[in-house]
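Colleague: Could you take me through this model? I should like to begin with the overall picture and then turn to single residues.

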Amino acid sequence: METLEQIRDRLLARFPAAKIELVTNPGPAAEHSLLLEAATALEIATFLRDDDALRLDYCSNATGIDWPDKEIVETTKKSVPDPAGGPAKIIEEKTKHLQPGYLETVYHLYSMARKHGPVVIRLRTGNRSDQVTLPSLTPVWRSCDFQEREIYDLYGIRFSGHPDLRRLLMWDGFEDHPMRKDYVAPDDFEWEPTPHGSVLDRAKAHYPAPPAEPGVAATPPPNPTEAKS
Amino acid sequence: MSLFPAMGAAAGPTVRAVHDEFHGDLLEVSMGPQHPSTHGVFRMVVTLDGEQIVKLKPVFGYLHRNHEKIAENTSYLGSMPYTDRLDYLCSMTNNWAYALSVEKLAGLAVPDRAQYLRVIMAELTRLVNHMCLVGFLFNDLGTSFTPLLYAFREREKIIDLFESLSGSRMMCNYQRFGGCRVDPSPEWLAAASALVNNFPRFLDEYETMLTGNEIMLARTQGVGVLDGAAAVNAGLTGPILRASGVDYDLRKVDAYGFYPRFDFRVPLGAHGDTYDRYMIRILEMRESVKILQQAFRDLPAGPIMDPKAKLRGFRPKPGEAYGRIEGPKGELGFYLISDGSPNPWRYRVRPPSLINLTLLEDMCIGRTIADSVVILGSIDIVLGEVDR
């Protein structure tokens, strides 16, 4: 199979308007990937599938990744000349800046006809809240059908052009996306018909106390922060 | 709010009439999640025109426990026993797929003896899975458990071996990153070898009962025909794909483990119907027996763990890896991203059972409900892996 650089160069020659970035994988597996743009991803995917030398007819794995906002501390060293004429001092300066987070989808492509692979392609959303639409690759590889539904369900990436974008594993009325790193699990996760112990404490903290009967001194509700821990 | 009312509300009525302007009055039947033919808690919403299926929508998630999230909050080794619970009939191959991915992520080597042991365990698991699948398939045809109990009689012998080796019958937790956990004794190897040598006799007995069975032929030949090109596009893998005539077996293609050292053939189907899917399993079991006999013959002495592998304080360098093996149900893959911490940043299971259901609707359209049960049985799913 061609190297990933050759594939990228061939794609850039074929799609001059596209922006394709090579994402390196520093680990021992060294499976590098191509970062595509949302606007041209569908065309490029179709080309990868139909091109005679590549024939990537099989999309094995499609998955999402959550990269939350990250605070990056950069340390720069500056040498300051000593006014008294001694050796220059080295001062470390720390600057903080916020790297905005994004959601990512990764597709592992193989060729069953040519028996080679993988070619890994990635797509990134603009942010994690309102710009979360990416093109669906289900029209190209039908194996993405359930997997993209799962990504939509668990990560909240919306796939434009998906034939049937519904939740796959969680039920329809569910609102959050559980695989995101900032997801908070519900209090009554371990719901029991007859709660006791720590589960009862959590249930008491979660549900409002019944209205106090007249003449009985109302007991203060348990502190929710204590009960949760 | 509790989780349970929401689950109940989503289920809806079991049977209801719907009106469609092209077909007239249709009947919508909700099969499952509590239905013996669904092999667990799987639901199919089937729309019927008379007796014919015109639409089939699978509904998942009744066994969902967010395996991936749990694994992201656990150490790498901590997820190993949990992979047993994915496809609970094939814990050994699940372990191997996960160990293989972590070894790829961390760049670990595996000693020769451990490679052979892995092949032995994987092929024994393939025998267990395929014979149970054939038994369950006949159950779906209405044979009331008899073929399944023949399979379970043999399966019992294999899981007894697993128990004496790993301490557990089904949840073996046997592989480690860079090797295996326990070295089998010579007595264990002798017992396993004897079992494998007797296995073709069981297969002959099984086939005498089943393969030429008239009811079986009438119910499976030409039922649920799957086109090879459509199957490739839909990402179907494993015996179903090969039953449609596509030659793609990761044991040959990826040549992972020590499979290139073994002499075996990949059986292929010609029609892609349910009968071919049954026959492929029988033929694969015969090939597995050949692999096992070679493995017992050639098993070298030596260590079973890579001396550089660390069990405690295991932190792979940042990077990512996608490892895959040919599980009994299809391509089982694990995609891992390490950020240098003891827990994986991303842990993804590529479940063959879920993706093999992509074409269930296409296979069932035009058939009856009774056929859809047989077709689902021939796909071979385990809900622990579908819903994760």
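Colleague: Among contacts in chain B between residues at least 6 apart in sequence, what percentage join residues at least 24 apart?

Modeller: The share is 70%. Contact means that heavy atoms lie within 4.5 Å. Please note that this is a predicted model, in which local features need pLDDT of at least 70, side-chain atom pairs count only at pLDDT 80 or more, and totals for chains, interfaces and linings use all residues. Residues are numbered from 1 along each chain as its sequence is written, chains are lettered from A and ligands numbered from 1 in the order in which they are written, and side-chain values use heavy atoms, with hydrogens and water left out.

Colleague: What is the corresponding percentage for chain A?

Modeller: In chain A, 56% of the contacts between residues at least 6 apart join residues at least 24 apart.

Colleague: How many helices and strands does each chain have?

Modeller: Chain B has 16 helices and nine strands, while chain A has five helices and nine strands. Both are DSSP runs numbered from the N terminus: helices are H or I with at least four residues, and strands are E with at least two. From the N terminus, the order in chain A is α-β-β-α-β-β-β-β-β-β-α-β-α-α.

Colleague: What are the dimensions of chain B, and what does its radius of gyration agree with?

Modeller: The C-alpha trace of chain B spans about 70 × 55 × 35 Å along its principal axes. Its radius of gyration is 22 Å, which agrees with the value near 21 Å for a compact globule of 388 residues. That radius is taken over C-alpha atoms, and the globule rule is 2.2 Å times the number of residues to the power 0.38.

Colleague: How much of each chain is buried?

Modeller: In chain B, 61% of the 388 residues count as buried; in chain A, buried residues make up 41% of 229. Buried means under 20% relative accessible area, exposed means over 50%, and partly exposed is in between (1.4 Å probe, protein chains only).

Colleague: Which residues have the most contacts inside the largest nonpolar core?

Modeller: They are A:Y107, B:Y278, B:L357 and B:L360, in a core of 166 residues. Helix α5 of chain B gives the most to this core, with 17 residues. A nonpolar core is a set of buried Ala, Val, Leu, Ile, Met, Phe, Trp, Tyr and Cys residues joined through side-chain atoms within 4.5 Å. In soluble globular proteins, nonpolar side chains tend to be buried together.

Colleague: What does B:L360 touch?

Modeller: Beyond residues up to four places away in sequence, B:L360 touches B:F42, B:M44, B:L56, B:I375, B:L376 and B:I379.

Colleague: Back to α5 of chain B. At what angle does its axis cross that of α4?

Modeller: The axes of α4 (residues 91-106) and α5 (residues 112-141) of chain B cross at roughly 140 degrees and come within 8 Å. Axes are lines fitted to C-alpha atoms, for helices over the stretch in contact, and angles run from 0 to 180 degrees between N-to-C directions. The residues in this contact of α4(B) with α5(B) divide into six nonpolar, three polar and two charged.

Colleague: Is B:N129 buried or exposed?

Modeller: B:N129, which lies in α5 of chain B, is buried, with a relative accessible area of 0%. The residue touches B:L89, B:C90, B:P328, B:K329 and B:D380, not counting residues up to four places away in sequence. B:N129 and B:D380 are 251 residues apart along the chain, yet their C-alpha atoms are separated by 9.1 Å.

Colleague: And where does B:V386 lie?

Modeller: B:V386 lies in helix α16 (residues 383-386) of chain B and counts as buried at 0% relative accessibility. Leaving aside neighbours within four places in sequence, its contacts include A:L169, B:F60 and B:S353. The C-alpha atoms of B:V386 and B:S353 are separated by 5.5 Å.

Colleague: One more topic: what sign does the phi of B:N66 have?

Modeller: The phi of B:N66 is positive, about 50 degrees, although the residue is not a glycine. B:N66 is in the loop between β4 (52-59) and α2 (67-72) of chain B. B:N173 also has a positive phi of about 50 degrees without being a glycine, and this residue lies in the loop between α6 (146-166) and β5 (175-176) of chain B.

Key:
Ala, Val, Leu, Ile, Met, Phe, Trp, Tyr, Cys and Pro count as nonpolar, Asp, Glu, Lys and Arg as charged, and the others, Gly among them, as polar.
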